[in-house]
Amino acid sequence: MCGRFAMDKDVDDLIQAFVADGGRAQDWRPTFSMAPTMVAPLVREHRGTDGQLKRELEPASWGFTPGWGKPGGRAPINARLETVATNGLFKRAFAGARAILPMSGYFEWEQQDDGKQPFYLHGPDGASGLLAAAAVGAARKEGDGWAISFAIITREARDASGEVHDRMPVFLAPETWERWLDPEPVEGKAATDLVQLLEDTSSTVASTVTHYPVDRKVNSTRTVDPEDPTLIQPLEDAS
């Protein structure tokens, strides 16, 4: 699974990386311990009134809450790749509300004799690089506006990721971003093909993921400072 991630990028970097408009995410700042219910910048595409596709960064809360769900109901943070296209909770979002969650990396934990040891997993560009996690989004009417939420799609872990945990986020290679974000609804064979695309591209990206241990202060969401950059610092380098 993925229960915590880091986003060591500011909005300008994200706009350049994804060629997106700033949208309503301009006030967002880097966070090194993103936990469920927190707000993160989500990349989505919409078709405007002129028929043109528009890619935006939007603030979205981590915890999938569809508009048709009951208030206070389930808000899952992850959706399994194996069932995301058919599961009743996510099927509609997979069909037409696909999104990308940018992240620098994510945390997983290994049970050791003296407690849980956190590890930081990241891509080939180092601890402050950029990974594109596949996500499904939902919009819920709140007052005069809309609240956006999301769940990260996960898969069986591969390569170095599997040394720490048996699940990992589905990561997209840049050449697949356009197809994944296309808001055109998919069903039937098109949906099956899209699941296969996720399987293939995430297997490729997974082979580049590596990890290292970090300080255990990241373990507690109640006491950790999310803006502390040392949370993703290798344990042997921590002072």
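The exercises below work through helices, cores, salt bridges and single residues of a predicted model.

**Exercise 1. Establish which residues of helix H1 are buried, how they are arranged around the axis, and what covers them.**

Step 1. In H1, the buried residues are Val11, Leu14 and Phe18.

Step 2. Around the helix axis these three residues span an arc of only 60°, so they sit on the same side of H1.

Step 3. The elements that cover the buried residues of H1 include strand E1 (5-7), E3, E4, E6, E9 and H3.

Step 4. Just after H1 comes Val19, whose phi is positive at about 50°, although Val19 is not a glycine. Val19 belongs to the loop between H1 and E2, and with a relative accessibility of 69% it counts as exposed.

**Exercise 2. Describe the length of helix H4, its buried residues and the elements that cover them.**

Step 1. Helix H4 takes in residues 189-206, which makes 18 residues, and from its first C-alpha to its last it reaches 25 Å, close to the 26 Å expected at 1.5 Å a residue.

Step 2. The buried residues of H4 are Ala191, Leu194, Leu197, Leu198, Thr201, Ser202, Ser203, Val205 and Ala206.

Step 3. Among the elements covering these buried residues are the helices H2 (91-96) and H3 (177-181), together with the strands E6 (98-103), E9 (131-142), E10 (145-156) and E11 (167-169).

**Exercise 3. Work out how many residues the largest nonpolar core has, which elements supply it, and what Trp180 touches.**

Step 1. As a background to this exercise, nonpolar side chains in soluble globular proteins tend to be buried together.

Step 2. The largest nonpolar core has 36 residues, and those with the most contacts inside it are Phe94, Ile100, Val136, Ile153, Trp180 and Leu198. At least two residues of this core come from each of H1, H2, E9, E10, H3 and H4.

Step 3. Apart from this core lies another one, of 26 residues, which includes Ala40, Ile77, Met103 and Val205.

Step 4. If residues up to four places away in sequence are not counted, Trp180 touches Phe94, Arg98, Ala99, Ile100, Ala134, Ala135, Ile153, Leu172, Leu194 and Leu198. Of these partners, Leu194 and Leu198 are buried residues of H4.

**Exercise 4. Trace the salt-bridge network that contains Lys54, and state the accessibility of each member.**

Step 1. The model has ten salt bridges, and one network of them links Asp21, Lys54 and Glu56.

Step 2. Between the side chains of Lys54 and Asp21 there is a salt bridge with an N to O distance of 3.9 Å. Because Lys54 lies in strand E4 (residues 53-62) and Asp21 in the loop between helix H1 (11-18) and strand E2 (31-34), this pair ties together parts that are 33 residues apart in sequence.

Step 3. Lys54 also forms a salt bridge with Glu56, in which the closest N and O atoms are 3.6 Å apart.

Step 4. To sort the three members, recall that a residue is buried under 20% relative accessible area and exposed over 50%, and that anything in between is partly exposed. Lys54, at 40%, is therefore partly exposed, as Asp21 is at 35%, whereas Glu56, at 15%, is buried.

Step 5. For another salt bridge, consider Arg80 and Glu82, whose closest N and O atoms are 4.0 Å apart. Arg80 is partly exposed, with a relative accessible area of 46%, and Glu82 is partly exposed at 46%.

**Exercise 5. Determine the surroundings of Ser149, and then the backbone and accessibility of Thr37.**

Step 1. Ser149 is placed in strand E10, where its relative accessible area of 1% makes it a buried residue.

Step 2. A polar atom of the Ser149 side chain lies 2.9 Å from the backbone nitrogen of Thr65.

Step 3. With neighbours within four places in sequence left aside, the contacts of Ser149 are Ala60, Ser61, Gly63, Phe64, Thr65, Val136, Gly137 and Ala138. Val136 in this list is also one of the residues with the most contacts inside the largest nonpolar core.

Step 4. Thr37 is not a glycine, yet its phi is positive, at about 80°. Thr37 is found in the loop between E2 and strand E3 (39-47), and its relative accessible area of 64% makes it exposed.

Conventions. Residues are numbered from 1 along each chain as its sequence is written. This is a predicted model: local features need pLDDT of at least 70, side-chain atom pairs count only at pLDDT 80 or more; totals for chains, interfaces and linings use all residues. Side-chain values use heavy atoms; hydrogens and water are left out. Helices (H or I, at least four residues) and strands (E, at least two) are DSSP runs, numbered from the N terminus. The expected span of a helix is 1.5 Å times one less than its number of residues. Buried means under 20% relative accessible area, exposed over 50%, partly exposed in between (1.4 Å probe, protein chains only). Contact means heavy atoms within 4.5 Å. A polar contact is a pair of N or O atoms within 3.5 Å; within protein, one must be able to donate a hydrogen and the other to accept it, and residues adjacent in sequence count only if both atoms are side-chain atoms. A nonpolar core is a set of buried Ala, Val, Leu, Ile, Met, Phe, Trp, Tyr and Cys residues joined through side-chain atoms within 4.5 Å. The arc is that of the directions from the helix axis to the C-beta atoms.
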